[in-house]
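The following exercises practise the reading of a molecular structure. Each task is followed by a worked solution.

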Amino acid sequence: MKESKYIWIIGLVVTLLIIIVPIISVMADDTEPDPTDPWTGVPERRPHVDHTSLIEGPFETGSDVTRRCLECHEDAGQQMLTSVHWKWESDPVLLPGRDEPVTIGKKNQINNFCIGIQSNWTGCTRCHAGYGWENAEFDFSNEENIDCLVCHEQTGGYVKSNSGLPAEGVDLVAAAQSVATPTRQNCGGCHFNGGGGNAVKHGDLDSSLFFPTESVDVHMGRFDFQCVDCHKTEDHQIKGHLISVSADDKNTLSCTECHGGVIHEDERINSHLDAVACQTCHVPQGAIRDATKMDWDWSAAGQDLPEDPHVYLKIKGSFVYEKNFTPDYAWFNGKADRYLLGDVIDPTQMTVLNQPLGGIDDPTAKIWPFKIHTARQIYDSEYNYLIQPKTVGEGGYWTEFDWDLAARLGMETIGLPYSGEYGFVQTEMYWSLTHMVQPKEHALQCSDCHGENGRMDWEALGYYGDPIRWGGRTPMLDSVVPGMEEK
Amino acid sequence: MIMRGKKLQRIIILAGIGLLLAALLAQQAVLAQEDGETAVTTLPQPQYHPSFTILDEDGVNVLDSGAPISTLTTCGQCHDTAFIEQHSFHADLGLSELTAAGETGSGRAWDTSTGIFGKWNGLTYRYLSPAEDDYFDLTVPEWVQWYGNRHVGGGPAMYSRDGELLTETPYKPGDIETNIVDAETGELMPWDWQESGVVEMNCFLCHTPEPNNQARIDTLRAGDFRWANTATLLGSGIVEEKSGELVWNAAAFNEDGELSKSFVTIQDPTSENCAQCHGLVHVDSLTPLVLEGCTPDQWSTITTGQIFSPQRMSDSGMNLPEKETLGRSWDIHAERVLECTSCHYALNNPTYYQELSEDRPAHLIFDPRRIDLGEYLNRPLHEFAKGSSAQGTLASELDNTLRRCESCHSTEVTHDWLPYKDTHMTALSCESCHVPQMYSSSRQFMDWTIIQTDGTPRSVCRGVAQEGDTFSTAYITGFEPVLLPLDNGDGTTSLAPHNLITTWFWVYGDPERPVPLRDLRAVWLDGDQYYADIMQLFDANGDGALDEMELVIDSDAKEALIAAHLEARGLENPRIQGEVQPYSIHHDVATGDWATKECNACHGDESRVTAALQLSSYTPGGVLPTFVGGSVAAGGGELVENEDGTLFFQPLTSEQSLYVLGHDNVTWVDWLGALLFVGTLAGVVVHGGLRYWAMRRNPPHEPRLRRVYMYGVYERLWHWLQTAAIMLLIFTGLVIHKPSLFGVFSFRGVVLVHNVLAAILVINAALSLFYHLVSGEIQQFLPRPRGFFDQAIEQTLFYIRGIFKGDEHPFEKTKDRKLNPLQQMTYFGILNVLLPLQVVTGILMWGVQRWPDVAARLGGLPGLAPFHTLIAWLFAQFIVLHVYLTTTGHTPLAGIKAMMLGWDDVEVHGDGHDADEGQLAGATGD
């Protein structure tokens, strides 16, 4: 036998291997597989190039700035021209029961808040990402009309006025030098103030999200998310849509893009996921910080009553605001029907302007939380369709308090006949609640929906009764989708 | 096809149910129309119960008689109310189990039953006097007045112990059923049951959504028993109070004299119904839950801190520590929309009926023969499924009739992470981990030895860090319940969380009786002032008032004074007694996220298993309390009195036949082991030092050396593998034994590593045994009988003397004779005694959950574990000695080197004889 000085090293290695390998293999069995890490879905934030030295003034107009931007960002103009933030109009979509696809958007349709932008452009287009949309003749193909600053400037001093033009006294140079990736401040400037003021419209978006605490929204509060972290944007096409202006389910954005795999530890909760949207439990209440408008009665406008922006305004009528409201729940598959101008209504019935589609027998539909905004708004009582009144500017209702004139001017603009007879009719709009997300500690619990004190109207949703006792919707689905049971 | 068939079947069933519902709803609509009024009901569930006439005890419509309702006749129109009353421990409360005083097993000489009719409780103090007494606290009528607040009626509020209606029981002087104590004189005077009427079982208390319990209690306290059930309906619109009288509201009835449909609110009992007597239930998720104080109305909340509510603690209105982080509900079952009746159902309710498997022939999986809904509605057993608790002794024949945790929950899929699952589950109830903490307060002790100026005793709560005006301003820290054995109903016990409430009070006479409250007040108070002599003795600071520090019986003088007062009232031999009543806790259950899961919660110096619970801040009269009899909990530990006077209950694992690894140890084992180890170490140091000293003074002669290939590859491998395994086993074993000293290691991981190492050790030992047997090398270890002892002595003498003189080793070491006689002896012992013992005890400890019977026969963990520890100490000692002796070669490191490299330099003895030739080998003691 040959003597080797280093044989012991081999021996040591072998001995250690014999001991360590079994231990590691046993310990490895023990560790549970990592659930999908939601952070993989969050885009990396790249530091933005400081534009201070790149941009020199002076700029006379907003379009001057835009021209400067386009010098370097050559493609940005064309990208913006095809975006909904520019067009305010969707791609054509075929609505149920109609023959022709139609485009939907702020540009050509109405809601039950300020009703519609047509004939009222100068007021409404303050929030358009462009300059000078003051009538139907606006040039949507001119890149120089794009407002880059409203989304990108970071001074906070950039304010838009009528027709979307920069307000008097805005320092365009400072604004242009400050540009960066859009923040909550940029998006929130318009979206938190939808409907003409803080918190008015959505019920899940308001100024509390500028500097949110953890209890307002878990993503923005706990992790300081910006809007564009979820509303991922490529080539100026921003992901996400809302059925108030977009009836199709294209370009949607869902929680499961980041939260994948077996999401909840609790099997019982996971068994809800086929029928219940994440938002239903994780957005348990609406308007948790600032009250939102729940009802708007236009028919009360024009009177000399004490004014309070949350109760009554002469130009607008009377309102009901609610804070921390319990949402309404409805089946929703991502698509919606849409009331189109000229559609005949039954004035004795509630008219739903954007009925969410889906039902208990639709396997793609889930129960969603909604804010339902009700209104009494003007309609043509002879032709039985809703009226687009002119409210802003000369002859508009807000200056003349003359409904007949406002209706005449407005309908003239959109090109629909007006009979001269008008009335007020009940309408409803659905606003899905999807922001102000609460972590599990504040999400709904079983007893919030089930049992005697539950908030769901199970029979209205199409169940035989509380599914905790009567079972889920599988029997209803069976007739539609064979083999659902096996799933 | 089968799938289709199943689906079809289900659709048909569901359709059938749907049709039935529709029919019922339609019928209701029709009925509502017939009533000529809109049936607006606030109930979310449709009301199925038909209209009915309300009858008095003579069967006459109360609209005609104006008399109080008789539930027995009214509800008896459809339901067998006599059957219901006869089969309800809620009505009975111990009436049918009355015994002679002191024979209930509670250890109290004055208890006469297992229910609150005859069983004393330290929180409420007053008691039904035994029938044979001649001096009384409560007689039956006053018991109904006093304890009727938590009694549903029927039972002792209706019948005598002989089963007669109390209204028909003839008056007997001195009899507790037909007399009442005159509060002034303490003498008995007749009670007119005809006048008061009896309290029938109160259906409305549990079967209507908003019974007026307070009006019922007030009516009972007033002695107006007959009207108590009618008062329960106050506020429903059926009954109104007019100038102090209860009057039926004709508007609530239709023209047929039946209760109008919209007033019929009969329902299955909700948790809120149960809450009226049992504890705090809060199902409204929108209003924050607030506990208003230590009020006995919320019984289980006071006794244990249990709150049945789906609300998250963070949403409650209570001031809790780190409340924001308490995202758990008060009770997971409430959160998951269970009601009290989900578990505590009527035992013949066909929905919940449990068929006892032992009743069923083996060939049947399901027996469809059972009572139908109609039969059930006619005769619903009002015996409700119940578990077993330390405090509840009533209707013990029904103990554990409810589904236990494991009847509904499978731990197979949920507790895979838990090592030694069966061992843990045998030793611990589910509640031990899943009720880790009480977040609310509860009662701690009652001191009835003193009376405050408002006539009440001192009662102290636990879990309240700072008193407030209400509990919403108080700071509530809750408490960790103490783990004590609880009967599982199958002859075994498991640890379960408990609260302990201690009571001190005066007793008198023989057999002893608690001093009636009226006497107690009378000896302390003259009106609302203390007697002058009491004031003089107790008022230490002379401020004219007795504060908390002063109003305590903490000296013989104080005790003697009060005793003298009591004696003066004719109460013989007054003395202070104390008792501890355990209350087991089964609600406030948390999900796994909140359960106790960390190994070191129990496996460490500070073990959850032996966490002590404070009983009181002082000990009135210096009397140590005793556990109330009849509860297993009593056997779980001992009372400990601290220097500051606080009294604790200290659970002891030794009392519970438990051995918690990492927490428990047998002191003498560790001492002996440590002593041997240190002794060996010291011996080695001394021996080594002497060798060094001797070497310096007397340098050893240079031995003649020869290089020999001593150890083969496999020999070296198994040796070093065993070395590593044993060293690591000793280390991991030490971590398991004293985890608190090694906080960085995960207990769970270390246990796992220890087990893997043990497996490696056993396999290695087995393989090397095989090698030694097959190769014949085993002979190396076998001592040769001839001359063995002489040679052993010679080797010993070498270590004692020769080695210091630099002598040669007595025996040459050769490849065939590697071991000297001492080594042979040592290894013989290690390999044949220590190793097998350690392996067997280790396997048994590991196998406690696999073969619990085998382990139990050998003393279970409490026997095996200390033994395993002792042998581990011996192994440690061996290693020290073994390593030291390797240094006794011609150079200190020669032996180790040889074992590493295989080549050894061996001494050659004699005159150049070849050492290989059959001479006895001998060498270094490795």
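**Exercise 1.** What percentage of the 487 residues of chain A count as buried?

*Solution.* The model is a predicted one. A residue counts as buried if 20 or more other C-beta atoms lie within 10 Å of its own. By this criterion, 38% of the residues of chain A are buried.

**Exercise 2.** Describe the secondary structure, extent and contacts of chain A.

*Solution.* Begin with the elements: chain A contains 18 helices and 10 strands. Next, consider the extent: the C-alpha trace of chain A spans about 115 × 70 × 45 Å along its principal axes. Finally, take the contacts in chain A between residues at least 6 apart in sequence: 66% of them join residues at least 24 apart.

**Exercise 3.** Is B:T477 buried, exposed or partly exposed? Locate the residue and name its contacts.

*Solution.* Step one: B:T477 lies in the loop of chain B between β10 (475-476) and β11 (482-487). Step two: a residue with 12 or fewer other C-beta atoms within 10 Å is exposed, and one with 20 or more is buried. Because B:T477 has 18 such atoms within 10 Å, B:T477 is partly exposed. Step three: apart from neighbours within four places in sequence, B:T477 contacts B:P321, B:G463 and B:A465. Step four: B:E322 is 155 residues from B:T477 in sequence, while their C-alpha atoms are 9.7 Å apart in space.

**Exercise 4.** How far apart are the C-alpha centres of domain 1 and domain 3 of chain B?

*Solution.* First, identify the domains: the assignment for chain B gives domain 1 (54-263), domain 2 (434-656) and domain 3 (667-907). The C-alpha centres of domain 1 and domain 3 of chain B are 79 Å apart.

Technical notes:
Residues numbered from 1 in each chain as written. Chains lettered and ligands numbered in written order. Predicted model: local features only at pLDDT ≥ 70, side-chain atom pairs only at ≥ 80, totals over all residues. Helix = DSSP H or I, 4+ residues; strand = E, 2+ residues; numbered from the N terminus. Contact = placed C-beta atoms within 7 Å. Domains from an automatic or database assignment.
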